[in-house]
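Colleague: Before I take any of the wording on trust, I would like to hear what stands behind each term. Please show me the model first.

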Amino acid sequence: MSKGKLIVISGASGVGKGTVLGIMMKKRKDLSFSVSATTRPPRPGEIDGVHYYFISREKFEEMIAQGAFLEYDAHAANYYGTPRAQAEEKRERGPVLLDIEPAGAKQVREKMPDAELIFIMPPSMEELERRLRGRGDTPEEQIKLRMERAVWEMEQRVWYDHVVVNDDPERCADEILRIIAE
Ligand code: 5GP
């Protein structure tokens with residue numbers, strides 16, 4: 001049985017990845033989403049097992065020791081990782097979307113050379129900061145950290161397979177759908 005490909009989507013926090021991924025999955029029912037594990041606390045409205053698996057630091061470190069992650073990284077003072085078994089299982093049914101940052105994307109590229117890596121850019125840095133603030137759920141000191149990290153993340157786009165700009169979520173989702181259909 002041919003396996004669905006892994007499609008890695010990266011982009012700075014606040015760039016609108018969640019919205020774009022949601023639109024893509026509505027339009028292509030065969031796409032599934034790899035639910036990451038994280039030690040960060042849930043934001044309002046986030047559901048365990050849907051947006052993330054919210055787990056303790058102890059549990060996360062236990063899973064690292066067991067080799068249970070396809071990739072993982074520590075950033076913004078928390079761990080984030082892709083549970084290997086879940087991604088493999090979902091791949092049996094079709095293409096799988098991974099919403100992960102560049103350090104994790106690099107690990108996927110090394111382990112799974114067939115993975116397709118797509119980087120989403122904001123229209124501008126000013127717009128990114130505006131969107132981060134507008135979300136209203138990120139403390140001020142986190143905004144500063146996230147903007148600093150965004151600069152580093154955007155530098156990493158050079159080794160991605162494709163770079164797209166999220167000037168409009170519908171248009172951006174359609175562009176990515178065209179790329180992955182090729
Ligand atoms: P947030 O805390 O805003 O949900 O996510 C912060 C960052 O973590 C985002 O850039 C997101 O792509 C990244 N991220 C989410 N899940 C994973 C994961 O499983 N692995 C890695 N390496 N990064 C992740």
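Modeller: A polar contact is a pair of N or O atoms within 3.5 Å; within protein, one must be able to donate a hydrogen and the other to accept it, and residues adjacent in sequence count only if both atoms are side-chain atoms. The model is predicted, so local features need pLDDT of at least 70 and side-chain atom pairs count only at pLDDT 80 or more, while totals for chains, interfaces and linings use all residues. Residues are numbered from 1 along each chain as its sequence is written, and side-chain values use heavy atoms, with hydrogens and water left out.

Colleague: What makes the pair between Arg40 and the ligand a polar contact?

Modeller: A polar side-chain atom of Arg40 lies 2.6 Å from an oxygen atom of the ligand. The limit is 3.5 Å, so the pair counts. For Ser36, a side-chain N or O atom is 2.7 Å from a ligand oxygen, and Gly81 has a polar backbone atom 3.1 Å from a ligand oxygen. The protein covers 94% of the 510 Å² of accessible area that the ligand has on its own (Shrake-Rupley method, 1.4 Å probe).

Colleague: Which residues surround the ligand, and how many are there?

Modeller: There are 18, and the closest are Ser36, Arg40, Tyr52, Tyr80 and Asp99. A residue is near a molecule if one of its heavy atoms lies within 4 Å of it. By class, this shell has three nonpolar, seven polar and eight charged residues. The strands β5 (69-75) and β6 (78-83) each supply at least two residues of the shell.

Colleague: Why is the ligand said to sit in the largest pocket?

Modeller: The ligand sits there because more than half of its atoms lie within 2 Å of the pocket's grid points. A pocket is an open set of points on a 1 Å grid over the protein atoms alone, where a 1.4 Å probe fits, with protein on both sides within 12 Å along at least five of seven lines.

Colleague: What is the volume of the largest pocket, and what lines it?

Modeller: About 1,000 Å³ of space lies in the largest pocket, a volume being the space filled by probe spheres set on the points. Of its 40 lining residues, the closest to its centre are Lys17, Arg40, Arg43, Tyr52 and Asp99; a lining residue has an atom within 4 Å of a point. The elements that give two or more residues to this lining are α1 (17-27), β5, β6 and α6 (140-155).

Methods:
Helices (H or I, at least four residues) and strands (E, at least two) are DSSP runs, numbered from the N terminus. Ala, Val, Leu, Ile, Met, Phe, Trp, Tyr, Cys and Pro count as nonpolar, Asp, Glu, Lys and Arg as charged, and the others, Gly among them, as polar.
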